[in-house]
Amino acid sequence: MAGYFLRRLLDAIPTVLLVLTLVFIAMRILPGDPAIAALGDFATPEQLAAFRAKMGLDAPLWQQYFNFLWGVFTLDFGRSLMNNRPVLDLILYNLPFTIELTLMSVMFGVLAGVPLGVLAARHRNKAPDNAVRVFSLIGYAIPDFYLGALLLITFSLNLGWFPINGGGEGFADRIYHLILPALTLAFIKAAFLGRLTRTSLLEVLGRDYVRTAWAKGARENRVVYRHGLRNALLPLTTGLGLSTLAALSGSVAVELVFNRPGIGKLLISAIAERDYAVIQGGVVVFAMFVVLINLLMDLVYVIVDPRIQVK
Amino acid sequence: MMKGNVLEIRDLHVEFGPKDRAIQVLNGVSFDIPQGGAVGLVGESGSGKSVTSLATMRLIPSPPGRVTKGTITFNGTDLLALPLGKMPDIRGRDIAMIFQEPMSSLNPVMKIGDQIGEAIMLHENIDRRARRAKVIEMLKLVGIPNPEGRLDSYPHQFSGGMRQRVMIAMALLCRPKLLIADEPTTALDVTIQAQVLELMKDIRARLGTAILLISHDLGVVADLCDSVVVMYAGHVVEIGATEEIFDTPRHPYTRGLLASIPRLHGGEERLFQIPGSVPVPGTIKKGCPFYSRCGMRIDRCRTEMPPMFDFDGSQRAACWVTAAEAHAHVKEPAQ
């Protein structure tokens with residue numbers, strides 16, 4: 001098992017390199033000059049040249065590329081062009097907020113989506129199934145920034161039940177600040193996972209081994225949960241991975257709406273200010289997240305499906 | 001209920017599809033299984049064999065299927081009159097079932113020991129150790145080598161024949177009075193097929209379990225069963241002791257089935273096949289269901305459904321022509 005994990009980790013290296021290369025290229029072909037962005041339109045050519053020299057932007061492209069790779073490797077993402085703080089510090093400060101938002105929203109999504117899917121599958125084509133279908137359609141259709149604003153207006157501004165913005169201080173306060181943003185992101189997840197659970201469970205409930213379970217004398221709950229859902233979880237694992245990745249991209253908008261710290265918000269303000277070093281660092285973090293989640297999915301497969309051989 | 005019968009099916013009607021345009025799949029199926037007896041249920045695909053067995057377990061998927069008429073009496077209780085919530089107590093404990101596809105009939109993510117043990121856990125209050133001992137004993141009985149070492153294996157680590165043995169072990173764990181085996185050997189190699197049949201014979205002798213063997217393979221039925229029920233298009237067309245059916249088949253369909261068994265010394269002529277195919281359920285409204293494929297048909301067959309005539313011995317068959325030839329009559333009114 002440990003060997004398998006190590007091998008998957010090594011397999012991820014080319015992916016990571018490719019991602020880093022793409023980030024590097026994207027940053028170079030983006031319109032706008034970072035030096036002008038940092039120093040303003042009225043900077044003298046000497047000032048610009050000095051800035052470029054300081055940031056290593058005057059070196060040949062290949063050298064910049066290797067500097068960049070080395071920087072990532074040593075966790076040195078440079079300094080923000082705006083406030084001169086190390087990018088790593090900015091990332092380390094913001095990352096926990098994004099992680100907790102992602103985890104919480106995935107948890108809400110699973111807790112709501114899977115039971116809804118089971119409910120729909122057990123009452124196929126009856127009222128509960130239709131209700132879940134409508135819920136899913138709404139969940140798919142409503143953009144997260146809009147839903148976030150609605151929740152914010154209703155529960156924070158009008159009812160005053162939840163804080164209006166920020167990330168919170170201390171454990172309980174942070175959870176408190178998390179609830180509305182996490183619910184916002186969880187909505188589409190519940191819709192997606194609900195549909196996926198329903199489809200997957202219905203497919204599994206028609207299988208021969210489910211008939212065997214009935215023939216043994218198992219009652220409905222046991223058939224559905226022990227034999228049905230356990231097998232339906234296999235495709236759900238993929239859905240969960242996709243859903244977690246979607247939570248990451250969704251966090252960008254939600255962090256803005258709720259004005260809470262996070263990598264998404266960091267990225268957005270960096271892009272607005274053409275803070276190349278921060279953009280680069282933020283994108284690298286996001287990319288690493290994606291690679292990591294895919295890696296985790298591979299591991300979860302091995303755990304949930306005994307047929308996958310680990311050699 | 002006749003004394004000595006573990007199962008009596010009477011006039012069983014099953015239909016599928018929406019009520020206003022339902023398709024009749026079983027049209028009055030009746031037969032008995034004696035205590036400890038072995039009955040073969042034969043017929044081509046689509047004749048209603050599996051639906052009959054699923055109806056007995058009350059496992060017909062509903063919707064779209066439903067039993068519209070008839071009784072299934074098991075040890076004096078009409079199963080069809082029981083509330084559905086009582087059926088799990090009977091399934092697995094009194095009536096067990098094994099299926100055609102050993103490859104897909106076991107839960108792929110559950111250990112073999114747990115799957116077999118579940119059968120007894122559902123019906124008896126029994127602790128883990130005793131359960132484990134019973135599972136091992138049963139695995140030994142069905143001929144799985146090193147059963148202790150296989151409890152933690154998953155189904156994909158077993159061959160097809162071994163999986164069918166596992167299915168049989170699971171079915172027999174609670175010592176059911178009736179074992180329904182739906183094409184248990186069809187998906188297996190011929191040598192494995194023989195082993196599984198031997199196993200079923202052996203179990204019947206040792207445990208006294210009655211067996212309903214569903215098969216389209218008359219050879220398999222002849223090997224294991226005392227009597228045979230021949231089904232065609234949702235009707236029982238012939239019933240009798242195995243030797244009677246094989247020696248003097250009375251229904252043209254049974255004759256066709258027997259004639260289409262390949263024989264080792266059968267010469268080089270083309271193997272007989274019954275012309276045409278089983279009618280689509282619901283397309284036959286009147287007359288004998290075999291009319292369109294029958295080589296002996298007379299006009300009466302087209303309009304009038306023959307009753308089950310009583311021939312010599314225990315044999316009964318639904319055919320106007322052969323009944324007239326053999327001077328057979330209907331002893332009791334057709335149900």
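This passage describes the folds of chains A and B and the contacts between them in a predicted model.

Chain A is built from 12 helices and has zero strands. Read along the sequence, the chain follows the pattern α-α-α-α-α-α-α-α-α-α-α-α. Its C-alpha trace spans about 85 × 55 × 35 Å along the principal axes. Of the 311 residues of chain A, 37% count as buried. Among contacts in chain A between residues at least 6 apart in sequence, 72% join residues at least 24 apart.

Chain A is divided into two parts, domain 1 (2-73) and domain 2 (87-304). The C-alpha centres of domain 1 and domain 2 of chain A lie 32 Å apart. Between these domains, 15 residues of domain 1 are in contact with 12 residues of domain 2. On the side of domain 1 of chain A that touches domain 2, the elements giving two or more residues are helix H1 (2-29) and helix H2 (34-39) of chain A. The largest share of that side, 11 residues, comes from H1(A). By class, the residues on this side of domain 1 of chain A divide into 12 nonpolar, two polar and one charged.

Chain B contains two open sheets, described here in turn. One is formed by four strands in the order E2-E1-E4-E5 of chain B, with antiparallel pairing. Strand E2 (23-34) and strand E5 (77-78) of chain B stand at its edges; each has a single partner strand, so one side of each is left without a neighbour in the sheet. Nine bridges join strand E1 (residues 5-16) of chain B to E2(B), and the two run antiparallel. In E2(B), Phe31(B) is the bridge partner of Ile9(B). Helix H1 (residues 49-57) of chain B packs on this sheet, where the helix touches E1, E2 and strand E4 (65-74) of chain B. The direction of this helix makes about 110 degrees with that of E1(B).

The other open sheet has eight strands in the order E6-E7-E8-E3-E9-E10-E12-E11 of chain B, and the pairing is mixed. Its edges are strand E6 (95-98) and strand E11 (309-310) of chain B, each with a single partner strand, so one side of each is left without a neighbour in the sheet. Within this order, strand E3 (residues 38-42) of chain B runs parallel to strand E9 (residues 227-232) of chain B, and four bridges join the pair. Val39(B) stands opposite Ser227(B) in E9(B).

Helix H10 (residues 252-259) of chain B is mostly covered, with six of its eight residues buried. The buried residues are Pro252(B), Tyr253(B), Thr254(B), Arg255(B), Gly256(B) and Leu257(B). They pack against two strands already described, E3 and E9 of chain B, and also against helix H8 (218-224), strand E10 (235-241) and helix H9 (242-247) of chain B.

In soluble globular proteins, nonpolar side chains tend to be buried together. The largest nonpolar core in the model has 93 residues, and those with the most contacts inside it are Ala169(B), Leu212(B) and Leu213(B). Helix H6 (residues 160-172) of chain B supplies the largest share of this core, eight residues. Leaving aside residues up to four places away in sequence, Ala169(B) touches Ile116(B), Met138(B), Leu139(B) and Val142(B). Another core, of 65 residues, lies apart from this one; among its members are Val106(A), Val132(A), Ile188(A) and Leu201(A).

Leu172(B) is also placed in helix H6 of chain B. Leu172(B) has 22 other C-beta atoms within 10 Å and is therefore buried, the cut-off being 20 or more. Beyond residues up to four places away in sequence, Leu172(B) touches Ala96(B), Met138(B), Ile203(B), Leu207(B) and Thr209(B). Leu172(B) and Ile98(B) are 74 residues apart in sequence, and their C-alpha atoms are 9.8 Å apart in space.

Between the two chains, 24 residues of chain B are in contact with 17 residues of chain A. The elements that give two or more residues to the chain B side are helix H2 (87-90), E6 and helix H3 (112-121) of chain B. By class, this side of chain B has 13 nonpolar, six polar and five charged residues.

Notes: Residues are numbered from 1 along each chain as its sequence is written. Chains are lettered from A and ligands numbered from 1 in the order in which they are written. This is a predicted model: local features need pLDDT of at least 70, side-chain atom pairs count only at pLDDT 80 or more; totals for chains, interfaces and linings use all residues. Two strands pair if DSSP finds at least two bridges between them. A nonpolar core is a set of buried Ala, Val, Leu, Ile, Met, Phe, Trp, Tyr and Cys residues joined through C-beta atoms within 7 Å. A residue is buried if 20 or more other C-beta atoms lie within 10 Å of its own, exposed if 12 or fewer, and partly exposed in between; C-beta atoms are placed from the backbone. Two residues are in contact if their C-beta atoms, placed from the backbone, lie within 7 Å. Ala, Val, Leu, Ile, Met, Phe, Trp, Tyr, Cys and Pro count as nonpolar, Asp, Glu, Lys and Arg as charged, and the others, Gly among them, as polar. Axes are lines fitted to C-alpha atoms, for helices over the stretch in contact, and angles run from 0 to 180 degrees between N-to-C directions. Domain bounds come from an automatic or database domain assignment.
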